[in-house]
Amino acid sequence: MNNIDINKILCEGEKYLGKDVTVAGWVRTARDSKNMAFLALNDGTSLKHLQLVIDKANYVGELSAFMKNGVSLLANGRVVTAMKEGEFELNVKSLELLGDCPADYPLQKKYHSMEFLRTIPELRVRTNTFNAMLRVRSKLSFAIHRFFQQEGFIYVHTPIITGSDCEGAGEIFRVTTNTYADAKTAKDEAEYLARDFFRRKAGLTVSGQLEGEVAAMAMGKIYTFGPTFRAENSNTPRHAAEFWQVEPEVAFAKLPDIIKIAERMIKFVISAVLEECKEELAFFERTFEEGLVKKLEAVVNSDFKVLEYSEAIEILKNSGQQFQYPVEWGLDMQSEHERYITEKVFNKPVFVINYPKKIKSFYMKQNDDGLTVAATDLLVPGVGEIIGCSEREADYDKLIQAMNERHMNLDDYKGYLNLRKYGSVPHSGFGLGLERILMYVTGINNIRDVQLYSRTAGDLM
Ligand code: 4AD
Ligand code: MG
């Protein structure tokens, strides 16, 4: 079709001024007055709408078909300057209806709660909130790639179907071609598995890390960026069953090295969003979080705090706060604790380092104290953990010991263990949850609203 992007007219209007153009889009609002009619048209190329102005005296034809929220149309007309300086609109000459939209269209001009919008995922993308969110998500993702490409990382694609459980939390979605009948007729688990596609237990990956380590042990610096899955049955605003993770893995890097990379990356991608998503951030500032832009600017311009886990526990103990989960050394910090540390105490991103080994994963490097591992979580105000990070245990015997303590099946990790047998090197990596950082930069406070389709327990639209 010969339509041009609405964004082009809004941003480069001077170029089109006085010219006839065709645009296409969906009507967001329609306003009728005695002599004039106005349609706000959006085609998704910008957060802003293009105002179509119809002078009824000169317009030939019936207008009523177009004066409805949600209809799609083609409009031809002349680009002119709008009342507001620097803005442009279209003086309509002709309209062509592409698709009608009956009066039961749910997105009428009134306030819609986020909960309501979740019930219409196929239409909520047509709201300003989701338009802005998807736009920021796209820029953020691209900035992540830019950062790692610029720093010489190789982008690898780790498998989605795996036979391991990286986080050891048993939150795997099973992948099987077996049927209900197989489950009933197999005489035991061994026979059940023998009938299955892979002849062994398989699942959707919870993290690309283990395979990322394989790639890093040959390519040096790699990152993977893709969907990960967790059957986490917790109904919180921060947990999704399907979410995207960015996972760099770096050979010849220890914990302080990977922390520096993580901080540099966060600052880089937030700067990119500040630069490239001004309109979207202004929208989120108005609708979701006052002070959003200042907050993000401060993140870019200040040093992140690095705090020992043991110190964090002391701070929490001396806080005088009544936490739901009592605080003692060994505690796996809950959202309430993370938020106290990052919001009330430091009011900026905080790397908590050296966690008790009992509450962390098997692959983390054991510190000399015998009690802690060289791991860190990056906590941010409003969201809590956005990055999980560690130096990896590079010593074969120590790794085996940690896996045995967790009663893991070593056979499932043969290849992973081989990395420690053949030319093992110190190495580190992290996982950044894309939806978590998206919540942080937009101020949207529920993970269900930073995905095109939300994926949580009991919810598959
Ligand atoms: O802390 P996690 O579990 O760490 C890992 O998976 C490591 N293997 C990563 C690595 O070192 N390569 O998860 C990493 C991040 C979390 O900090 C969080 O941002 C996000 O992934 N995340 C989730 N996001 C949404 N919903 C969930 N259920 C999430 N679980 C983790
Ligand atoms: Mg974690």
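**Surroundings of Ser 207, ligand 1 and the nonpolar cores**

Leaving out residues up to four places away in sequence, Ser 207 touches Cys 166, Thr 228, Arg 230, Gln 245 and Glu 247. The model examined here is a predicted one, and Ser 207 offers a convenient way into it. This serine sits in the loop that runs between β8 (203-204) and α8 (209-219). Its relative accessibility is 4%, and because buried means under 20%, Ser 207 counts as buried. One of the contacts of Ser 207 is polar: its side chain meets the side chain of Glu 247 at 2.6 Å.

Glu 247 leads on to the ligand. Among the 24 residues that surround ligand 1, the closest are Glu 167, Gln 209, Glu 232, Glu 247 and Glu 385. Glu 385 also appears in a polar pair, with an N or O atom of its side chain 2.6 Å from an oxygen atom of ligand 1. A nitrogen atom of ligand 1 lies 3.4 Å from an N or O atom in the side chain of Tyr 363. The backbone takes part as well, since a polar backbone atom of Gly 433 is found 3.2 Å from an oxygen atom of the ligand. On its own, ligand 1 has 620 Å² of accessible area, and the protein covers 94% of it. Two or more residues of the shell come from each of β10 (242-251), β14 (384-391) and β15 (427-433). By character, the shell residues split into eight nonpolar, eight polar and eight charged.

Attention now turns to the nonpolar interior. In soluble globular proteins, nonpolar side chains tend to be buried together. The largest nonpolar core of this model has 90 residues, of which Leu 52, Leu 73, Leu 95, Ile 266, Ile 387, Phe 430 and Leu 432 touch the most other members. The element that gives the most to this core is helix α9 (residues 255-276), with 12 residues. Leu 432 shows what such a position looks like in detail: beyond residues up to four places away in sequence, Leu 432 touches Ile 144, Trp 244, Gln 245, Val 246, Met 265, Ile 266, Ile 386, Ile 387 and Ile 437. Gln 245 is thus a neighbour of Leu 432 and also of Ser 207. Apart from the largest core lies another, of 16 residues, which includes Leu 210, Ala 375, Tyr 413 and Leu 417.

Two further residues round out the picture. Asp 20 is found in strand β1 (residues 20-32). With a relative accessible area of 39%, Asp 20 is partly exposed, because this value falls between the 20% limit for buried and the 50% limit for exposed. Setting aside neighbours within four places in sequence, Asp 20 is in contact with Gly 77, Arg 78 and Lys 93. Its side chain makes a polar contact of 3.0 Å with the side chain of Arg 78, and another, of 2.7 Å, joins it to the side chain of Lys 93. Gly 99, 79 residues from Asp 20 along the chain, has its C-alpha atom 23 Å from that of Asp 20.

Ser 319, like Ser 207, is a loop residue, placed between α12 (309-317) and α13 (335-346). At a relative accessible area of 17%, Ser 319 is buried, because the value is under 20%. A polar atom of the Ser 319 side chain lies 2.7 Å from the backbone oxygen of Leu 316.

Note on methods: Residues numbered from 1 in each chain as written. Chains lettered and ligands numbered in written order. Predicted model: local features only at pLDDT ≥ 70, side-chain atom pairs only at ≥ 80, totals over all residues. Heavy atoms only, no water. Near = heavy atom within 4 Å. Polar contact = N/O pair within 3.5 Å; in protein donor to acceptor, adjacent residues only side chain to side chain. Areas by Shrake-Rupley, 256 points an atom, 1.4 Å probe, with all protein chains shown as cover. Helix = DSSP H or I, 4+ residues; strand = E, 2+ residues; numbered from the N terminus. Nonpolar A, V, L, I, M, F, W, Y, C, P; charged D, E, K, R; others polar. Core = buried A, V, L, I, M, F, W, Y, C linked by side-chain atoms within 4.5 Å. Buried < 20%, exposed > 50% of the residue type's maximum accessible area, 1.4 Å probe, protein only. Contact = heavy atoms within 4.5 Å.
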